[in-house]
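Here are my comments on the fold, for your next read-through. Please keep the model open alongside.

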Amino acid sequence: MAAKAKPSVGKQIIDLLAERNQTIVTAESCTGGMIASALTDIPGASAALYGGYITYANSAKSRMIQVQPRLIADYGAVSNQVARAMADGARNTARADFAVAATGIAGPDGGTDKKPIGLVYVAVSSDLATVVIEHRFGDLGRDAIRKATVDAALDLVLQVLTSDPPSP
């Protein structure tokens with residue numbers, strides 16, 4: 001008898017959220033909707049995925065999900081502070097239980113010594129806390145960086161979901 005394959009991270013996320021009657025929203029910059037797409041690839045995702053914001057332009061971050069322009073001016077769009085504000089802003093704007101956000105430099109240009117190509121911040125917001133993780137993927141090429149960001153984002157969501165106690 002063959003071993004049953006482990007469900008994908010996306011399926012685990014959708015199943016957990018649906019079981020708990022909770023929702024998630026995405027706020028994406030460098031991934032341009034790829035995180036939401038990965039979740040909508042899962043049949044039944046509508047039970048848990050509220051929707052997503054593609055906030056590629058700095059003004060979109062401010063207008064759509066209330067990221068303070070001052071944060072972007074002070075720290076840059078690719079920063080821990082802005083990733084946190086994106087996740088919190090998306091969760092609050094959508095009134096979702098969770099939000100996942102990603103902002104980074106996918107290349108081929110835009111990198112600096114302080115913020116090189118492959119620098120990405122992923123954040124997950126819940127009512128308990130907002131977790132932000134910095135990734136330095138290196139200059140793997142635009143497509144690989146974006147794919148690595150999606151994987152990192154989904155992994156972080158699953159970590160948060162399996163460590164947070166479910167809401168009553």
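The points below cover the sheet, the helices packed on it, one helix pair and one residue.

1. Status. This is a predicted model. Please read each point with that in mind.

2. Sheet layout. The sheet is open and has 5 strands, ordered 2-1-3-4-5, with mixed pairing. Strand 2 (49–54) and strand 5 (130–136) are the edges, each paired on one side only. Neighbouring strands are turned against each other by 15° on average, direction ignored.

3. Strands 1 and 3. Strand 1 (residues 24–28) and strand 3 (residues 98–104) run parallel, joined by 5 bridges. Within this part of the sheet, A27 sits opposite A101 of strand 3.

4. Helices on the sheet. Helix 5 packs on the sheet and touches strand 1, strand 2, strand 3, strand 4 (119–125) and strand 5. The direction of helix 5 makes about 145° with that of strand 3. Helix 6 (residues 142–163) also packs on the sheet, touching strand 1, strand 3, strand 4 and strand 5. Its direction makes about 25° with that of strand 4.

5. Helix pair. The axes of helix 3 (residues 58–65) and helix 5 (residues 80–94) come within 9 Å and cross at roughly 35°. The crossing is left-handed. Helix 3 contributes K61, M64 and I65 to the contact; helix 5 contributes V82, A85, M86, G89, A90 and T93. These residues divide into 6 nonpolar, 2 polar and 1 charged.

6. N80. This residue belongs to helix 5. N80 counts as partly exposed because its relative accessibility is 29%, between the 20% and 50% cut-offs. Leaving out residues up to four places away in sequence, N80 touches Y121 and V132. The C-alpha atoms of N80 and V131 are separated by 9.7 Å, with the two residues 51 apart along the chain.

Notes. Residues numbered from 1 in each chain as written. Predicted model: local features only at pLDDT ≥ 70, side-chain atom pairs only at ≥ 80, totals over all residues. Heavy atoms only, no water. Axes fitted to C-alpha atoms, helices over the stretch in contact; angles between N-to-C directions. Helix = DSSP H or I, 4+ residues; strand = E, 2+ residues; numbered from the N terminus. Left-handed = near helix turned anticlockwise from the far one by under 90°. Contact = heavy atoms within 4.5 Å. Nonpolar A, V, L, I, M, F, W, Y, C, P; charged D, E, K, R; others polar. Buried < 20%, exposed > 50% of the residue type's maximum accessible area, 1.4 Å probe, protein only. Pairing = 2+ DSSP bridges.
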